[in-house]
Amino acid sequence: AAVLIVPRLSAPSVAVASGDLALAGQPMKGDPEAPVEIVVFEDFLCSHCATFANGVAPRLEREFVDTGKAKYYMKNFVVIGPASQRVAQVGECVFEQGADAFWAFETVAFRSQPTLNEASAIELAEGYVDGLDREALDACIAEGRGLREAQADTDRAVANGLTGTPSVLVNGELVMAADYDALANVIEAAYVEATN
């Protein structure tokens, strides 16, 4: 399967087709009452997603999430293929053990992307997620629970007309350039609009 990248267009953002992102029960950072909602659809094996997760996302977190302006969600959008699906499953199963567990896994998974597969993802979770219950993780994977959640996220991305990863939405609008400056401008404008 080919990776489709959202093109960089002159328009900063476009409305999402259905607007329903189904965020309840998804990994989230920040104040749930923050006025701006950032939603990132990613594939753990997408190199552009790793660039975003390692470079852009930490800046967004410092400038907007830590300051209470925005909350930040991550959803799976499996575009690479079966290997991506299995790593996404591990992430979903880690998330069953809490949001902090998931974010610790997400960080180390993207930093380890060149060697990332299902087995290494499990090893990373075991090595870097404090208090991980390995038996619960193995049971989740064996029962296919994480696969269902990863597929539901991917189906949601497709239903919303997304075509590539990373896809970044700010208050339900797809930002066409997933670089820091473009996103910061859109987030700041959304914050001003929401608080005035």
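Strands β5 and β6 form a hairpin with two residues between them, where helices (H or I, at least four residues) and strands (E, at least two) are DSSP runs, numbered from the N terminus. The two strands pair in the antiparallel sense over three bridges; pairing here requires that DSSP finds at least two bridges between two strands. Within this hairpin, V170 has E173 of β6 as its bridge partner. The turn holds N171, a residue with a positive phi of about 50° although it is not a glycine. N171 is partly exposed because its relative accessible area is 35%, given that buried means under 20% relative accessible area, exposed over 50%, and partly exposed in between (1.4 Å probe, protein chains only).

A word on the source is helpful at this point: the model is predicted, local features need pLDDT of at least 70, side-chain atom pairs count only at pLDDT 80 or more, and totals for chains, interfaces and linings use all residues. Residues are numbered from 1 along each chain as its sequence is written, and side-chain values use heavy atoms, with hydrogens and water left out.

On its other pairing, β5 runs antiparallel to β3, and four bridges join them. V40 stands opposite V168 of β5. Strand β5 (residues 167-170) is covered on both faces, with S167 and L169 buried on one side and V168 and V170 buried on the other. Ahead of this strand, in the loop between α6 (145-159) and β5, lies P166. The peptide bond from T165 to P166 is cis, with omega near -10°.

A positive phi of about 50° is also found at A22, again not a glycine. This residue lies in the loop between β1 (13-15) and β2, and A22 counts as partly exposed because its relative accessibility is 30%. Leaving aside residues up to four places away in sequence, A22 touches K75 and R156, contact meaning heavy atoms within 4.5 Å. A22 and N76 are 54 residues apart in sequence and 12 Å apart in space, C-alpha to C-alpha.

Helix α3 (residues 99-111) offers a view of the interior. Its 13 residues reach 18 Å from the first C-alpha to the last, close to the 18 Å expected, a span defined as 1.5 Å times one less than the number of residues. The buried residues of α3 are A101, F102, W103, F105, E106, V108, A109 and F110. Their cover includes β2 (28-29), β3 (36-42), α1 (47-65), β4 (70-76), α2 (82-95) and α4 (118-128).

Side chains of opposite charge can pair when their charged atoms come close. Nine salt bridges are found in a search of the whole structure, each a side-chain nitrogen of Lys or Arg within 4 Å of a carboxyl oxygen of Asp or Glu. One of them joins E188 to K69, with the closest N and O atoms 3.1 Å apart. E188 lies in helix α7 (residues 180-195) and K69 in the loop between α1 and β4, so this pair ties together parts that are 119 residues apart in sequence. Another salt bridge links D138 and R134 at 2.8 Å between the closest N and O atoms; both residues lie in helix α5 (residues 134-142), four residues apart, about one turn of the helix. D138 is partly exposed at 32% relative accessibility, and R134 is partly exposed at 30%. The side chains of R145 and E143 also meet in a salt bridge (2.1 Å, N to O), and these residues are linked with E96 in a network of salt bridges.
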